Amino acid sequence: SMFTSLRATNHFGRPNFDAFLSFLQSRHQETNEIGVFSCGPSTVNKQIRTACTNANRVRNAPSFVHRFETF
């Protein structure tokens, strides 16, 4: 990382929340609910809420509970 001198790759920008939540559902099928916590501007929280709503439409998969703080 050019910022921290750690051996980690920086990824700039927002992640694909739909793909990430789908990945979590496939990896944690043994659970019923997954908590998602976010803190940031309302636009980011809205994108995460929308991704959670879309992911919750999948049957026989964990559902997401979104809790957030907006500033």
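**Note on the predicted chain**

1. Read from the N terminus, the elements of the chain follow the order α-β-α-β. The count is 2 helices and 2 strands. This is a predicted model.

2. On overall form, the radius of gyration is 14 Å, well over the 11 Å that the globule rule gives for 71 residues, so the chain is more spread out than a compact globule. Along the principal axes, the C-alpha atoms occupy a box of roughly 40 × 30 × 15 Å.

3. On packing and surface, 24% of the 71 residues are buried. The accessible surface of the chain is about 5,700 Å², and carbon and sulfur atoms account for 52% of that area.

4. On contacts along the sequence, consider those between residues at least 6 apart: 68% of them join residues at least 24 apart.

5. On charge, the chain carries 8 positive and 4 negative side chains. The centres of these two sets are 7 Å apart.

6. One residue is worth a look in the model: Ser38, which lies in strand β1, residues 33-40. Its relative accessible area is 13%, under the 20% cut-off, so Ser38 counts as buried.

7. What does Ser38 touch, leaving aside residues up to four places away in sequence? The list is Asn45, Ile48, His66, Arg67, Phe68 and Glu69. With Asn45 there is also a polar contact, side chain to side chain, at 2.6 Å from Ser38.

How values were computed. Residues numbered from 1 in each chain as written. Predicted model: local features only at pLDDT ≥ 70, side-chain atom pairs only at ≥ 80, totals over all residues. Heavy atoms only, no water. Helix = DSSP H or I, 4+ residues; strand = E, 2+ residues; numbered from the N terminus. Rg over C-alpha atoms; globule rule 2.2 N^0.38 Å. Buried < 20%, exposed > 50% of the residue type's maximum accessible area, 1.4 Å probe, protein only. Contact = heavy atoms within 4.5 Å. Areas by Shrake-Rupley, 256 points an atom, 1.4 Å probe, with all protein chains shown as cover. Lys, Arg positive; Asp, Glu negative; His and termini not counted. Charge placed at Lys NZ, Arg CZ, Asp CG, Glu CD. Polar contact = N/O pair within 3.5 Å; in protein donor to acceptor, adjacent residues only side chain to side chain.
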